[in-house]
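Open the model in a viewer and keep the selection panel at hand. The stops below say what to select and what is found there.

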Amino acid sequence: MTLGAVKRVIAAVLGLGGAANGALMLAAPALWYDSVPGLAHTGPFNPHFVMDIGVAYVVASAALIARAWRPRYWPAAVAGAAFMIGHALIHAADVAAERTGNIGVDVWLVIVPALLAAWAAWPEKAERTR
């Protein structure tokens with residue numbers, strides 16, 4: 001398997017997981033809020049805010065799925081990964097400032113997937129020239 005193919009598989013996995021997360025945020029924001037360990041530490045439940053971020057996750061994830069489906073859609077995946085990186089930077093700042101409700105959630109469910117998404121979204125040289 002080529003490196004480009006590995007990136008496409010990772011983009012697909014992250015895209016499907018992120019889309020499922022975003023869909024749950026949209027369909028059942030209270031359930032989503034209550035199911036994330038440490039989230040209540042960040043403030044009271046706000047369904048509008050949860051749903052806004054759900055939309056961002058669905059769009060960013062769709063961009064990663066598009067890159068997995070067609071490598072030439074890598075610019076969309078880079079844009080989707082940019083949201084994920086920005087979101088991860090906020091979580092990293094919370095970890096550094098000791099404002100997190102659950103460091104494991106921040107690292108493994110936000111920061112690591114964002115880094116993987118950025119890596120998977122960025123095309124190999126052969127993909128950039130197609």
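## Stop 1: the H3/H4 pair

Select helix H3 (residues 47-69) and helix H4 (residues 74-96), whose axes lie 7 Å apart at an angle of about 140°. The model is a predicted one. The crossing of H3 with H4 is left-handed. To display the contact, pick Ile53, Ala56, Tyr57, Ala60, Ala63, Leu64 and Arg67 on H3, and Trp74, Ala76, Ala77, Gly80, Phe83, Met84 and His87 on H4. Sorted by class, the residues in this contact are 11 nonpolar, two polar and one charged.

## Stop 2: along H4

Keep H4 and hide the rest. With 23 residues at 1.5 Å a residue, H4 should span 33 Å, and the 31 Å between its end C-alpha atoms agrees with that. Colour Trp74, Ala77, Gly80, Ala81, Met84, His87, Ala88 and His91, the buried residues of H4. Bring H3, H5 and H6 back into view, since they are among what covers these buried residues.

Which residues does His87 touch, leaving out those up to four places away in sequence? They are Tyr57 and Val110. His87 sits in helix H4 and has a relative accessible area of 16%, so it counts as buried.

Move on to the residues just after H4 and select Glu98, where phi is positive, at about 60°. In the same view, select Arg99 and Asp94, whose side chains form a salt bridge with an N to O distance of 2.8 Å. Arg99 is partly exposed, at a relative accessible area of 46%.

## Stop 3: H1

Select helix H1 (residues 3-27). H1 has 25 residues, and the distance from its first C-alpha to its last is 36 Å, close to the expected 36 Å. Its buried residues are Gly4, Lys7, Ala11, Leu14, Gly15, Gly18, Gly22 and Met25. Show helix H2 (29-35), H3, H5 and H6 as well, because the buried residues of H1 pack against them.

Now centre on Ser61, which belongs to helix H3. Is Ser61 buried or exposed? Its relative accessible area is 0%, so Ser61 is buried. Setting aside residues up to four places away in sequence, Ser61 touches Leu14, Gly15, Gly18 and Ala19. Of these contacts, Leu14, Gly15 and Gly18 are listed among the buried residues of H1.

## Stop 4: the start of H1 and H6

Select Gly4, in helix H1. At 11% relative accessibility, Gly4 counts as buried. Gly4 touches Glu124 and Glu127, with residues up to four places away in sequence not counted.

Add Lys125, which is part of helix H6. Lys125 is exposed, at 62% relative accessibility. Between the C-alpha atoms of Lys125 and Gly4 there are 9.4 Å, although the two residues are 121 residues apart along the chain. For another distance from Gly4, pick Pro44: these two are 40 residues apart along the chain, and their C-alpha atoms are separated by 42 Å.

## Stop 5: salt bridges

How many salt bridges does a search of the whole structure find? It finds three. The pair Arg99 and Asp94 is one of them.

Next, select Glu124 and Lys7, a salt bridge in which the closest N and O atoms are 2.7 Å apart. Glu124 is in the loop between helix H5 (103-121) and helix H6 (125-128) while Lys7 is in H1, so this pair ties together parts 117 residues apart in sequence. The partners differ in accessibility: Glu124 is partly exposed at 26%, whereas Lys7 is buried at 4%.

Finish with Arg67 and Glu127, whose side chains meet in a salt bridge at 2.9 Å, N to O. Arg67 is in helix H3 and Glu127 in helix H6, and the pair links parts of the chain 60 residues apart. Both Arg67 and Glu127 are buried. Arg67 was already on display at the first stop, as one of the H3 residues in the contact with H4, and Glu127 at the fourth, as a residue touched by Gly4.

Terms used: Residues numbered from 1 in each chain as written. Predicted model: local features only at pLDDT ≥ 70, side-chain atom pairs only at ≥ 80, totals over all residues. Heavy atoms only, no water. Salt bridge = Lys/Arg side-chain N within 4 Å of Asp/Glu carboxyl O. Helix = DSSP H or I, 4+ residues; strand = E, 2+ residues; numbered from the N terminus. Buried < 20%, exposed > 50% of the residue type's maximum accessible area, 1.4 Å probe, protein only. Axes fitted to C-alpha atoms, helices over the stretch in contact; angles between N-to-C directions. Left-handed = near helix turned anticlockwise from the far one by under 90°. Contact = heavy atoms within 4.5 Å. Nonpolar A, V, L, I, M, F, W, Y, C, P; charged D, E, K, R; others polar. Expected span 1.5 Å × (residues − 1).
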